[in-house]
Amino acid sequence: MSVILFAGATDVAVFIVLAFIFILLIVVIACIRIVPQANVFVIERLGTYYASWETGLHVLFPFIDRVARRVSIKENVIDFPPQPVITKDNVTMQIDTVIFYQVTDAKRFTYGVERPISAIENLTATTLRNIIGDLELDATLTSRDVINSKITSILDHASDKWGIKVNRVELRNILPPREIQDAMEKQMKAERERREAILQAEGRKRSEILIAEGEKQAQILRAEAEKTATILKAEAEKEKQVREAEGQAEAIVLVQQATADGIRLLNESAPTNPVLTLKSLEAFTAAADGQATKLIIPSQIQGVAGLAASLKDIIHE
């Protein structure tokens with residue numbers, strides 16, 4: 001009986017030991033923490049900040065340490081709803097913003113402000129109202145880069161004590177009142193029509209200038225063509241006259257050459273007086289056929305003429 005009791009007590013002791021080891025193993029496993037990439041765990045010990053665990057394997061002290069907050073250090077984007085703002089010229093608009101921020105200090109982010117995102121939203125709204133209040137409507141619509149830079153600088157400086165780095169702020173939509181939009185559309189339409197009229201006038205002006213320049217060039221070319229034609233015609237006429245003069249000179253030379261040859265041949269033939277008298281008579285006949293009103297007849301020819309007249313009378317009788 002005592003052996004059975006001893007065996008039962010031994011089994012209970014072994015079970016208790018195994019249970020204790022199992023519970024201890026569970027506690028150890030529960031105290032192991034693995035911090036993922038781009039995350040930081042804020043650890044408190046007995047309710048007080050103890051450490052900030054970065055990526056890797058860490059072990060909590062059981063029942064003393066606890067993970068107060070898990071903070072992502074990746075860049076985050078917040079899209080805030082439209083905020084009503086009033087410009088310098090008393091125009092109410094709705095502007096919604098997009099903020100790109102990143103947590104740089106997990107401790108400040110955990111203990112610096114109660115609700116960091118809400119704090120950034122309220123700070124963005126008040127900053128936006130202050131900046132837009134110093135601008136008129138037209139400047140607001142055309143100065144997005146300036147407004148973005150100012151808001152980014154102010155938020156980055158103010159959120160530094162919260163462990164937040166504001167990288168960029170963008171104005172996504174700027175919505176003026178409907179009547180302002182209608183007026184702007186009419187203004188844009190009038191501006192487009194004015195530009196169209198200016199472009200059409202410039203086009204007509206340019207066309208007329210080109211036509212005038214073309215006509216001018218045509219007249220210049222026609223005048224040049226007429227000048228060239230006149231010069232060519234004069235040169236052709238000059239060439240013709242030169243050739244005619246050369247022909248006449250050659251004809252005179254040939255006539256004189258023929259005359260000289262005739263005289264030479266006549267001299268070589270030793271003509272008698274009757275022959276010379278006959279030639280003289282031929283020359284006299286040729287002279288009488290001309291336009292001269294007075295003729296001087298040599299004495300030899302007069303004798304021959306008288307002889308011829310006498311012979312004519314005798315033959316007639």
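Between which two strands does the loop with Pro81 lie? Pro81 sits in the loop that runs between β6 (76-79) and β7 (83-86). The model described here is predicted.

**The chain as a whole**

The chain contains eight helices and nine strands. Of its 317 residues, 19% count as buried. Among contacts with a separation of 6 or more, 61% are made by residues 24 or more positions apart.

**Pro81**

Because its relative accessibility is 43%, between the limits of 20% for buried and 50% for exposed, Pro81 counts as partly exposed. Not counting residues up to four places away in sequence, Pro81 touches Ile95, Asp96 and Glu121. Pro81 and Thr97 are 16 residues apart in sequence, and their C-alpha atoms are 7.3 Å apart in space.

**The sheet with β2 in the middle**

Three strands form an open sheet in the order β3-β2-β5, and their pairing is antiparallel. The edge strands are β3 and β5, each of which pairs on one side only. On average, neighbouring strands of this sheet are turned by 25° against each other, direction ignored. Strands of a sheet pair through backbone hydrogen bonds, either parallel or antiparallel.

Strand β2 (residues 39-45) is mostly covered, with five of its seven residues buried. With strand β5 (residues 65-72), β2 pairs in the antiparallel sense over seven bridges. With strand β3 (residues 48-53), β2 is joined by five bridges, and these two strands also run antiparallel. β2 and β3 form a hairpin with two residues between them. In the turn of this hairpin, Leu46 has a positive phi of about 55°.

Some of the residue pairs across the sheet are listed here.

| Residue | Partner | Strand of the partner |
|---|---|---|
| Asn39 | Ser72 | β5 |
| Val40 | Val71 | β5 |
| Phe41 | Trp53 | β3 |
| Ile43 | Ala51 | β3 |

**The nonpolar cores**

Which residues have the most contacts inside the largest nonpolar core? They are Met93, Ile95, Ile99, Leu128 and Ile151, in a core of 30 residues. The elements that give two or more residues to this core are β2, β8, α2 (106-111), α3, α5 and β9. Apart from this core lies another, of seven residues, among them Cys31, Val35, Phe41 and Trp53. Phe41 and Trp53, both in this second core, are also bridge partners, with Trp53 in β3.

Met93 belongs to the largest core. Leaving aside its neighbours within four places in sequence, Met93 is in contact with residues including Gln83, Pro84, Val85 and Thr87. Its other contacts include Ile132, Leu137, Thr140, Ile174 and Leu175, as well as Pro176 and Pro177.

**Helices α3 and α5**

Helix α3 has 18 residues, which should span 26 Å at 1.5 Å a residue. Its end C-alpha atoms are 26 Å apart, so the span agrees with that expectation. The buried residues of α3 are Pro116, Ala119, Ile120, Thr124, Ala125, Thr127, Leu128, Ile131 and Ile132. One of them, Leu128, is among the residues with the most contacts inside the largest core. Another, Ile132, is in contact with Met93.

Helix α5 (residues 144-158) has 15 residues. From its first C-alpha to its last, α5 reaches 21 Å, close to the 21 Å expected at 1.5 Å a residue. Which residues of α5 are buried? They are Ile147, Asn148, Ile151, Thr152 and Leu155. Why do these buried residues line one face of the helix? Seen down the axis of α5, they fall within an arc of 130°, so they line one face. An α-helix has 3.6 residues a turn, so residues three or four places apart point the same way.

The cover over the buried residues of α5 includes β8 (92-103), α3 (116-133), α4 (137-142) and β9 (164-175). On the face turned away from this buried side, α5 carries the exposed residues Asp145 and His157. Ile151 of the buried set is also among the residues with the most contacts inside the largest core.

Conventions: Residues are numbered from 1 along each chain as its sequence is written. This is a predicted model: local features need pLDDT of at least 70, side-chain atom pairs count only at pLDDT 80 or more; totals for chains, interfaces and linings use all residues. Side-chain values use heavy atoms; hydrogens and water are left out. Helices (H or I, at least four residues) and strands (E, at least two) are DSSP runs, numbered from the N terminus. The expected span of a helix is 1.5 Å times one less than its number of residues. Buried means under 20% relative accessible area, exposed over 50%, partly exposed in between (1.4 Å probe, protein chains only). The arc is that of the directions from the helix axis to the C-beta atoms. Contact means heavy atoms within 4.5 Å. Two strands pair if DSSP finds at least two bridges between them. A nonpolar core is a set of buried Ala, Val, Leu, Ile, Met, Phe, Trp, Tyr and Cys residues joined through side-chain atoms within 4.5 Å. Axes are lines fitted to C-alpha atoms, for helices over the stretch in contact, and angles run from 0 to 180 degrees between N-to-C directions.
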